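Visitor: I've got a model open and some questions to go with it. Mind walking me through it?

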Amino acid sequence: MSATAAMKSDPKKRAQIVVVGAGFAGLSAVKALAKTDADVTLIDRRNHHLFQPLLYQVATAALAPNQIASPIRSIVRRQRNTSVILEEALGIDREAREVILRDRAIPYDFLVLATGARHAYFGNDTWEDHAPGLKALEDANAIRENILLAFERAELAPSGPVRDQALTFVIVGGGPTGVELAGAIAELSKRALACDFRHTRCSDPHVILIEAGQRLLPSFSPKISLYALESLMKRGVDVRLGTPVSEIAEKRLAVGDETINADTIIWAAGVRASPVAEWLGSKKDRAGRAEVRDNLSIENAPEIFVIGDTASAASPDGKQVPGLAPAAKQQGAYVGEVIANRLAGKPAPPPFRYMDFGSLATIGRNDAVAEFGGVKLTGFLAWLFWCVIHIYFLIGFRNRILVTLDWMWSYVTLERGARLITESVGSEEGAPAAASRLMPIAAE
């Protein structure tokens with residue numbers, strides 16, 4: 001029996017809608033269901049919604065974690081039909097129509113899966129221990145501390161291989177995340193940090209960006225890619241194109257015949273979907289994303305929808321929907337409308353069509369690239385446009401104000417305000433772990 005048929009057979013029963021994941025896609029779906037005569041349950045393993053496009057700024061000490069994250073309960077507190085469960089979904093029982101959590105099962109009439117994606121190491125999962133990716137606040141905090149501790153180690157080390165290794169920062173992947181990280185780390189290390197240390201010159205840090213393809217920002221036009229390359233090089237970033245990584249080990253990686261010793265290696269080369277396709281037993285693409293129909297439901301299960309980075313979706317023109325925040329928000333709003341129409345007995349909306357409003361990437365101070373329609377922007381104008389767009393889409397008036405003020409202060413003073421190492425070095429409890437990270441390690 002379908003969910004709508006079940007509602008008709010028992011008019012007093014309210015539909016149970018479960019949304020798993022409080023990212024852009026999941027939250028958009030929940031908001032679209034605000035006026036629906038149904039009970040909405042939002043499940044996430046974290047208590048906050050994260051504005052991922054600015055996560056790299058937490059990793060590079062430009063912003064504090066609370067400036068790009070908001071408590072989920074606070075976001076939906078005025079939505080009377082919605083409750084929140086802080087738990088991790090472990091699977092789906094399609095026959096019983098239940099979401100399996102650690103100690104309970106949540107029944108559903110409609111299910112929306114928006115569980116996102118994690119890093120993809122192309123079959124080399126052991127690399128993750130040595131080259132962390134950037135998908136969560138925990139990742140950003142760890143990367144920030146690694147960068148700051150690298151400067152502390154360099155301050156204690158004499159000139160030579162150990163010091164060079166501490167001040168070498170490698171980013172693997174030349175997409176938007178890799179380009180933004182490379183530019184931000186270059187500015188952080190050569191401007192804000194180097195000036196604070198007595199024995200480190202602005203020319204000492206070495207930032208390397210490695211891309212296996214022939215150009216940076218492959219989703220942008222070749223002209224934009226060339227501009228990004230030249231802009232990074234002006235900032236002192238060592239860009240290696242057409243050079244795939246063959247091995248990553250503790251504080252070193254192999255690129256072709258060259259071995260690079262670096263205390264800080266960051267992975268920005270790919271993502272893989274969460275295991276939703278395995279949970280559902282549905283078809284999936286090479287990235288593990290569940291294949292969905294034109295209304296974003298899965299085949300033979302019209303009550304189950306998969307959206308965001310977890311879904312392999314195509315617009316009516318055949319183009320694949322990209323894994324971007326605007327696409328996720330549009331998918332969430334669309335699925336909310338589909339479910340609301342079914343419950344209200346209204347006709348289904350037309351098939352989902354992604355409206356591409358363009359792409360943005362920042363390179364550094366006064367510098368960014370933007371493409372929307374046939375318009376291409378670079379430099380200061382693109383950077384200003386990037387700033388306005390990101391502030392607009394932040395959740396919460398307080399966060400918008402704080403981020404704006406922090407950016408203005410950094411712009412005027414060239415300082416980074418979130419340069420805190422929270423792991424104790426001197427206390428008895430924290431000494432072993434922190435001290436081992438502070439001790440210089442000899443380069444092989």
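Guide: Sure, and one term up front: two strands count as paired if DSSP finds at least two bridges between them. Keep in mind that this is a predicted model.

Visitor: With that in hand, which residue is the bridge partner of Ile-248 in E15?

Guide: Start with the strands: E14 covers residues 245–249 and E15 covers residues 252–255. They pair in the antiparallel sense over four bridges. Within that pairing, Ile-248 is matched with Leu-253.

Visitor: Which residue in the hairpin of E14 and E15 takes a positive phi?

Guide: The hairpin has two residues between its strands. Most residues other than glycine have a negative phi. The one to look at here is not a glycine, yet its phi is about 60°, and it sits in the loop between E14 and E15. That's Lys-251.

Visitor: Does Lys-251 count as buried or exposed?

Guide: The cut-off for buried is under 20% relative accessible area. Lys-251 comes in at 16%, so it counts as buried.

Visitor: And what about Asn-366: buried, exposed or partly exposed?

Guide: Asn-366 also has a positive phi without being a glycine, at about 65°. You'll find it in the loop between strand E23 (359–364) and strand E24 (367–372). Its relative accessible area is 27%, and the window between 20% and 50% is called partly exposed. So the label for Asn-366 is partly exposed.

Visitor: How many residues of strand E11 are buried?

Guide: E11 runs over residues 168–172. Thr-168, Val-170 and Val-172 point one way, while Phe-169 and Ile-171 point the other way, and all are buried. The strand is therefore largely enclosed by the rest of the structure, and the count is five of the five.

Visitor: Which residue in E17 is the bridge partner of Ile-171?

Guide: E11 has parallel pairings to place first. Five bridges join it to strand E12 (residues 206–211), where Val-170 stands opposite Ile-208. E11 also pairs in the parallel sense with strand E17 (residues 264–267), over four bridges. There, the partner of Ile-171 is Ile-266.

Visitor: Which strands are the edges of the open sheet that includes E1 and E2?

Guide: Six strands make up that sheet, in the order E5-E2-E1-E9-E21-E20, with mixed pairing. Inside it, E1 (residues 15–20) and E2 (residues 38–44) run parallel over six bridges, with Ala-15 partnered by Ala-38. An edge strand pairs on one side only, which fits E5 (82–86) and E20 (297–298).

Visitor: How many of the nine residues of helix H2 are buried?

Guide: H2 spans residues 24–32 and is mostly covered. The buried ones are Phe-24, Ala-25, Gly-26, Leu-27, Ser-28, Ala-29 and Val-30. That gives seven of nine.

Visitor: Zooming out, what is the radius of gyration of the chain?

Guide: The C-alpha trace spans about 80 × 55 × 45 Å along its principal axes. For 444 residues, a compact globule would come out near 22 Å, and the chain agrees with that at 23 Å.

Visitor: Last one: how far apart do the centres of the positive and negative side chains lie?

Guide: The chain has 50 positive and 50 negative side chains. Take the centre of each set, and the separation is 7 Å.

Conventions
Residues are numbered from 1 along each chain as its sequence is written. This is a predicted model: local features need pLDDT of at least 70, side-chain atom pairs count only at pLDDT 80 or more; totals for chains, interfaces and linings use all residues. Side-chain values use heavy atoms; hydrogens and water are left out. The radius of gyration is taken over C-alpha atoms; the globule rule is 2.2 Å times the number of residues to the power 0.38. Lys and Arg count as positive and Asp and Glu as negative; His and the chain ends are not counted. The place of a charge is taken as NZ of Lys, CZ of Arg, CG of Asp or CD of Glu. Buried means under 20% relative accessible area, exposed over 50%, partly exposed in between (1.4 Å probe, protein chains only).
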